[in-house]
Structures are given as C-alpha cells and as structure tokens.
Amino acid sequence: MGAPKTALLTVAALGIAGVAAGALVVYGGLYDVAATQQHFQPVYSMLETAMRQSVKMRARNIEPPRLDDERLVMRGAACFRDKCVQCHGAPGVAQGDIGKSMQPLPGPLVDARHHWKPRELYWLTKHGIRMSGMPAWEFRLSEEDLWSVVAFMARLPELTPQQYAEATRVEPTGAQGAPARPACGPADGAAPLRAADAQRGARALPQYACSACHTIPGITSSSPNVGPPLAGIGGRSLIAGKLANTPDNMVRWLRHTHEVDPLTAMPQMGVSEQDARDIAAYLAALR
C-alpha cells in the first residue's frame with residue numbers, strides 16, 4: 001500500500017475516532033454542564049480567546065463619540081447601577097446573587113478600559129456574549145445610553161466606593177435642591193419611528209423571549225410547546241382569535257396584550273413601538 005493512501009486512511013480513521021469521541025461526550029452526558037463547576041482551564045482559555053478576537057474584529061470600524069461629557073458620564077452611572085452592577089459589582093459593591101452564581105463568572109468592570117477599547121466596550125454592551133450570560137442591550141438601551149455606559153466605565157477606575165455611591169445615588173421623589181441627574185432609559189420625546197424592518201424584527205423576537213414560548217420559522221429555539229407555533233401566522237385572518245390580522249393590530253397585540261385579552265396567559269413583554277413594528281413586519285412574511 002502506498003504512503004499517500006496509508007496517510008489518507010490514517011487521517012480518516014483519526015477523524016472517525018474524533019467524531020465518535022465527541023458523540024460519546026455529547027450523548028453520553030459526560031461533560032458536566034453544572035454552573036457549580038468551572039470550565040477546564042484549556043476550555044476557558046480557548047473560549048475567552050475566541051470571544052476577544054471576535055469582538056475586536058466586529059468592532060473595528062465603530063467610531064466612538066466624545067465620551068468626556070459629564071452629563072453622558074452621569075447618565076452612564078445610572079445605567080450601570082440599573083443594568084450592570086447586579087452581575088459585575090462596583091467599587092465597594094458586591095455582585096448580586098445572580099452574578100456570583102454564574103459560570104463563567106462575570107468579573108468586575110473597574111479595569112475594563114485597560115483591556116478593551118471604547119468601541120469594543122460599546123459592541124460588547126450592545127450585542128452581549130452568546131452562552132456566557134452577558135445580555136445584549138440593543139433592544140433595551142438607546143444609542144446614547146449604550147455610549148453613556150462606555151463613558152462611565154472609562155471613569156470607573158478613578159472612583160472610590162464613596163464617589164461611586166454618590167454618582168449612582170437615587171434622588172428621593174420631590175427632593176429639594178438636589179442636582180438634576182440624567183436617568184437611564186428613553187428620554188422625553190421618543191425618537192421618530194422608522195419604516196418597519198423585518199430583518200431587525202427577526203433579531204428582536206428572541207430579545208423579547210418570544211422564541212421561549214413559540215416555535216418561529218427562521219428563529220433558533222428548543223422547539224417549545226408553551227404557545228402555538230407561529231408558522232403561517234402572516235396568512236391567518238385573526239390575531240389571538242380577536243383582532244383582524246393587520247400590522248397595526250399585531251403591534252397592538254404585542255404592546256397591549258392584556259388590554260386586547262385580559263384572560264390570556266401571554267405576558268406583556270414591554271415591547272417598544274419601533275420593535276413591535278419590526279416584529280410585525282417579520283411575522284407578516286410568515287405565510
């Protein structure tokens with residue numbers, strides 16, 4: 001038998017052995033997925049390296065705005081307090097039980113500016129990290145809020161616990177003489193609505209946990225049976241058996257579910273007007 005053929009057979013045998021070993025690990029339940037156990041160090045290091053390189057590549061063309069505006073920093077302090085400290089902690093503040101119980105452990109962000117460029121921190125905050133517990137905030141925070149978090153993280157290493165507490169202090173209702181502090185969340189006067197974007201609607205569906213209850217064509221899920229499958233929903237005559245199936249009525253159903261049907265088990269998910277329009281555009285195409 002020639003050397004090339006022997007080498008080819010050897011490679012094929014090794015490949016088959018590798019597939020068999022992988023199948024044994026997966027279907028034999030050999031890999032411990034418990035959050036009470038850490039990844040093996042080689043697995044952890046490989047995943048962290050892959051994550052860092054992925055973020056750097058995808059954030060490379062993002063242009064940050066000016067981040068030294070004090071109002072932006074203070075707005076970021078409110079967002080950090082409301083959205084980040086539960087998992088990451090802060091100067092003088094421990095992580096919440098959720099953050100302390102996760103694997104991989106979400107570390108403190110006090111040194112984030114030493115490991116990431118501002119554009120990378122923005123990308124991480126907006127898009128999250130798959131299979132890590134780090135959520136995507138694209139559908140929860142405005143662009144200004146996202147950049148404000150980055151601005152505050154740049155300031156975080158300089159803050160003492162007392163300064164952090166002051167920056168994130170919540171003013172009591174009706175406080176007299178207290179300086180105005182920007183809040184995290186939509187500002188007065190919502191941004192003008194854009195034309196419905198079905199592709200963005202597809203991204204919004206799992207962000208509002210729709211795929212946790214419904215099997216939706218084109219959306220990855222574990223085939224749930226809580227709510228009815230949404231295949232063909234665009235061709236149905238009624239929404240929830242009550243409303244004519246129009247884009248405006250779908251928006252109404254998504255945003256004011258219990259107003260339409262007070263007895264439905266479907267929760268109101270806090271869908272914004274723009275996100276509801278985008279989701280409705282995607283669902284209308286499912287025929």
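The accessible surface of the protein chain adds up to about 17,600 Å², and carbon and sulfur atoms hold 59% of that area. The model behind these values is predicted. Turning from the surface to the inside, 32% of the 287 residues count as buried.

As for the overall build, the chain has 12 helices and two strands. Read along the sequence, the pattern runs α-α-α-α-α-α-α-α-α-β-β-α-α-α. The radius of gyration comes out at 24 Å, well over the 19 Å that the globule rule gives for 287 residues, so the chain is more spread out than a compact globule. Along its principal axes, the C-alpha trace spans about 90 × 60 × 35 Å. Contacts were also sorted by how far apart the partners sit in sequence: of those with a separation of 6 or more, 56% link residues 24 or more positions apart.

Next comes the empty space. Rolling a probe the size of a water molecule over the atoms shows where such space is left. The largest pocket holds about 1,400 Å³. Its lining is made up of 46 residues, and the ones closest to the pocket centre are Pro104, Leu105, Pro106, Ile129 and Ser132. Several helices pitch in here: H2 (41-58), H3 (70-88), H5 (112-115), H6 (118-127) and H7 (143-155) each give at least two residues to the lining. Sorted by class, that lining has 29 nonpolar, 11 polar and six charged residues.

There is also a cavity to look at, and the structure holds just one of 30 Å³ or more. The largest cavity has a volume of about 50 Å³. Its lining consists of Tyr208, Cys210, Leu254, Met266, Met269, Val271 and Ile279. By class, this makes seven nonpolar residues, with no polar and no charged ones.

A few spots in the backbone deserve a mention of their own. Proline 104, one of the residues closest to the centre of the largest pocket, is joined to glutamine 103 by a cis peptide bond, with omega at about 0°. This proline lies in the loop between helix H4 (97-100) and H5.

Two residues other than glycine have a positive phi: methionine 131, where the angle is near 60°, and alanine 240, where it is near 55°. Methionine 131 belongs to the loop between H6 and H7. With a relative accessible area of 81%, methionine 131 is exposed, because the cut-off for that label is over 50%. Alanine 240, for its part, sits in the loop between strand E1 (238-239) and strand E2 (243-244). Its relative accessible area is 41%, so alanine 240 is partly exposed.

Threonine 160 rounds off the tour. This residue is found in the loop between H7 and helix H8 (161-167). A relative accessibility of 33% falls between the 20% and 50% cut-offs, so threonine 160 counts as partly exposed. Between the C-alpha atoms of threonine 160 and alanine 183 the separation is 22 Å, and the two residues are 23 residues apart along the chain.

How values were computed:
Residues are numbered from 1 along each chain as its sequence is written. This is a predicted model: local features need pLDDT of at least 70, side-chain atom pairs count only at pLDDT 80 or more; totals for chains, interfaces and linings use all residues. Side-chain values use heavy atoms; hydrogens and water are left out. On a 1 Å grid over the protein atoms alone, a cavity is a set of points where a 1.4 Å probe fits but cannot get out, and a pocket is an open set with protein on both sides within 12 Å along at least five of seven lines; lining residues have an atom within 4 Å of a point. Grid points are joined across faces, edges and corners, and a volume is the space filled by probe spheres set on the points. Helices (H or I, at least four residues) and strands (E, at least two) are DSSP runs, numbered from the N terminus. Ala, Val, Leu, Ile, Met, Phe, Trp, Tyr, Cys and Pro count as nonpolar, Asp, Glu, Lys and Arg as charged, and the others, Gly among them, as polar. The radius of gyration is taken over C-alpha atoms; the globule rule is 2.2 Å times the number of residues to the power 0.38. Buried means under 20% relative accessible area, exposed over 50%, partly exposed in between (1.4 Å probe, protein chains only). Contact means heavy atoms within 4.5 Å. Accessible areas come from the Shrake-Rupley method with a 1.4 Å probe; for residues, only the protein chains shown count as cover.
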